[in-house]
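Thanks for making the time this morning. I would like to walk you through one model, starting with how its pieces pack and then turning to the space between them.

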Amino acid sequence: MIKNEKAKTTARLTIALYLAVLATLLVTTFYPAPVEGVSIPLMLTVKLLPLLAFAVPVFRGHNRGYIWMAFVVIFYFTQAVVSAWLSEGAPGPMILTVLTFLLFTVAMVHLKVNRPVAN
């Protein structure tokens, strides 16, 4: 599905950012401290499952999967911005804000450079 060298580069960047967002979501579940009285498996499921649904399209470079992932990432970005604002700039939400913004942007650049050529 990858059409050219630029698309290979943007696909690799998207994969790296995708994994970084997942790792950040995982780390922020336990750091600085888990939320009292909330099931950790439930919290991880709610945080990670929507993004994990796009693992195959992201790793295979499917354009349609990138488009749908971008829609979902917008919700993560919005939540991260609100958390960063309410926590007055805590590192976890700030990092997640930057990573989700970059993931969305690089995925859109990938779609631009990997579009089919019209005959």
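Let me begin with helix 2 and helix 4, which pack at an angle of about 155°, with their axes 10 Å apart; here the axes are lines fitted to C-alpha atoms, for helices over the stretch in contact, and angles run from 0 to 180 degrees between N-to-C directions. Helix 2 and helix 4 are therefore roughly antiparallel to each other, a label used for angles over 145 degrees, while those under 35 count as roughly parallel, 65 to 115 as roughly perpendicular and the rest as oblique. Their crossing is left-handed, and that word applies if the near helix is turned anticlockwise from the far one by less than a right angle, with clockwise giving right-handed.

I should say early that this is a predicted model, in which local features need pLDDT of at least 70 and side-chain atom pairs count only at pLDDT 80 or more, whereas totals for chains, interfaces and linings use all residues. Residues are numbered from 1 along each chain as its sequence is written, and side-chain values use heavy atoms, with hydrogens and water left out.

Stepping back to the whole chain, there are 5 helices and 0 strands, giving the pattern α-α-α-α-α along the sequence; helices (H or I, at least four residues) and strands (E, at least two) are DSSP runs, numbered from the N terminus. The C-alpha trace spans about 60 × 25 × 20 Å along its principal axes.

Now to helix 5, and first to its packing with helix 4, where the angle is about 155° and the axes are 8 Å apart. That makes helix 4 roughly antiparallel to helix 5, and the crossing of this pair is left-handed. The residues of their contact comprise 20 nonpolar, 6 polar and no charged, where Ala, Val, Leu, Ile, Met, Phe, Trp, Tyr, Cys and Pro count as nonpolar, Asp, Glu, Lys and Arg as charged, and the others, Gly among them, as polar.

Helix 5 also meets helix 1, and the axes of these two come within 9 Å and cross at roughly 155°. Helix 1 is therefore roughly antiparallel to helix 5, again with a left-handed crossing.

What about the largest pocket, and which residues are closest to its centre? The largest pocket holds about 540 Å³ of space, and of its 25 lining residues the closest to the centre are Leu 25, Thr 28, Lys 47, Gln 79 and Leu 96. Helix 1 (5-30), helix 2 (40-52), helix 4 (63-86) and helix 5 (91-113) each supply at least two residues of that lining, which divides into 17 nonpolar, 7 polar and 1 charged. A pocket here is an open set of points on a 1 Å grid over the protein atoms alone, where a 1.4 Å probe fits, with protein on both sides within 12 Å along at least five of seven lines, and lining residues have an atom within 4 Å of a point.

Definitions and conventions:
Grid points are joined across faces, edges and corners, and a volume is the space filled by probe spheres set on the points.
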